[in-house]
Amino acid sequence: MRKGTIIPALFLILLGAYFLLSELGIGIPGWDRIWPVFPLAGGLAFLGGYVFGSRRDPGLVFVGTAATLVGLWFFFITLGPLEYRDLETWWPVFVLIGSVAFLAQWIAAGFRDWGALFLALVALAVGGAGLAVTLQLLGPETRELLPRLWPVLIVLMGLMMLLRALLGKRSQ
C-alpha cells in the first residue's frame, strides 16, 4: 500500500464508522461538537507529510502544528470546559498557537530560520500580553499599564537583531 493512501483510507474508515454508529442510534456527539476533527486531522496530515514524505519543507511543520493546535483548542470549546463566548477572553491563545507553530518551523529548519524564530518570539510577546490584559494577570490596571510599555518592543527588536548578527545569516 502506498503511503499516500493511508490517511485517506483511515479518514474513510472513521467517517463510515461515525455514520454507522449514528444510523444505529448509538449516542455519539453531533457535528456541532466534533467539527474540530477536521483542522486537527488536516494538521496531522501536514505533519505526517513532513515526517514520512519526500518533501522536507519546514512550512509543512508550521501549517501542521498550527492546524493541529487550533483543532485541539476548539475541542476545548465544543467538548470541554470552555464555551464559544469564552473566546472573548481567550483569543490570545490563537496568537500563542502561531508562536508555537513558528517555533516548530524554526526547529524543522535546523535552527537556522531566524525569521521564524523572530516571529515566534513576537507572537509569544503579543499573545502573552494579550492574555495578561484579558485575564487581568497584572491587576485590574493592566489595560492602562501595557500601552505604556511600548519601548519594550524596541528593546526586543534590538535583541533579535543582535541575535541574528551573532548567530549568522538568515536562511533562504
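W35 is a good place to start: with a relative accessibility of 28%, W35 counts as partly exposed. The model you are looking at is a predicted one. W35 belongs to the loop that runs between α2 (31–34) and α3 (37–52), while F74 belongs to helix α4 (residues 58–78), so the pair of W35 and F74 ties together parts that are 39 residues apart in sequence. F74 itself has 14% relative accessibility and therefore counts as buried.

**Aromatic pairs**

In total, the structure holds 12 aromatic pairs. Two of them are set side by side here.

| Pair | Distance between ring centres | Angle between planes | Class |
|---|---|---|---|
| W35 and F74 | 5.0 Å | 50 degrees | tilted |
| W73 and F76 | 5.9 Å | 40 degrees | tilted |

Where does the second pair lie? Both W73 and F76 are found in helix α4, 3 residues apart, which is about one turn of the helix. Are these two residues buried or exposed? W73, at 12% relative accessibility, counts as buried, whereas F76 has a relative accessible area of 43% and is partly exposed. The cut-off helps here: buried means under 20% relative accessible area, so W73 falls on the buried side.

Aromatic residues also gather elsewhere. One aromatic cluster is formed by F11, Y18, F19, W31 and F38. A ring can have a charged partner too: the charged end of R56 sits over the ring of Y50, at 4.4 Å from its centre.

**A glycine in helix α3**

Now have a look at G48, which lies in helix α3. Its relative accessibility is 15%, so G48 counts as buried. Which distances separate G48 and I7? In sequence they are 41 residues apart, and in space 9.1 Å apart, C-alpha to C-alpha.

**Helices α6 and α7**

Further along the chain, helix α6 (residues 92–108) packs with helix α7 (residues 114–134). How are these two helices arranged? Their axes are 8 Å apart and the packing angle is about 160 degrees. Angles over 145 degrees count as roughly antiparallel, and α6 and α7 are therefore roughly antiparallel to each other. Their crossing is left-handed. As for what makes up this contact, the residues of α6 with α7 divide into 15 nonpolar, 6 polar and no charged.

Conventions. Residues numbered from 1 in each chain as written. Predicted model: local features only at pLDDT ≥ 70, side-chain atom pairs only at ≥ 80, totals over all residues. Heavy atoms only, no water. Axes fitted to C-alpha atoms, helices over the stretch in contact; angles between N-to-C directions. Helix = DSSP H or I, 4+ residues; strand = E, 2+ residues; numbered from the N terminus. Parallel < 35°, antiparallel > 145°, perpendicular 65-115°, else oblique. Left-handed = near helix turned anticlockwise from the far one by under 90°. Nonpolar A, V, L, I, M, F, W, Y, C, P; charged D, E, K, R; others polar. Phe/Tyr/Trp six-rings, centres within 6.5 Å; stacked < 30°, edge-to-face > 60°. Buried < 20%, exposed > 50% of the residue type's maximum accessible area, 1.4 Å probe, protein only. Lys NZ or Arg CZ within 6 Å of the ring centre and 35° of its normal.
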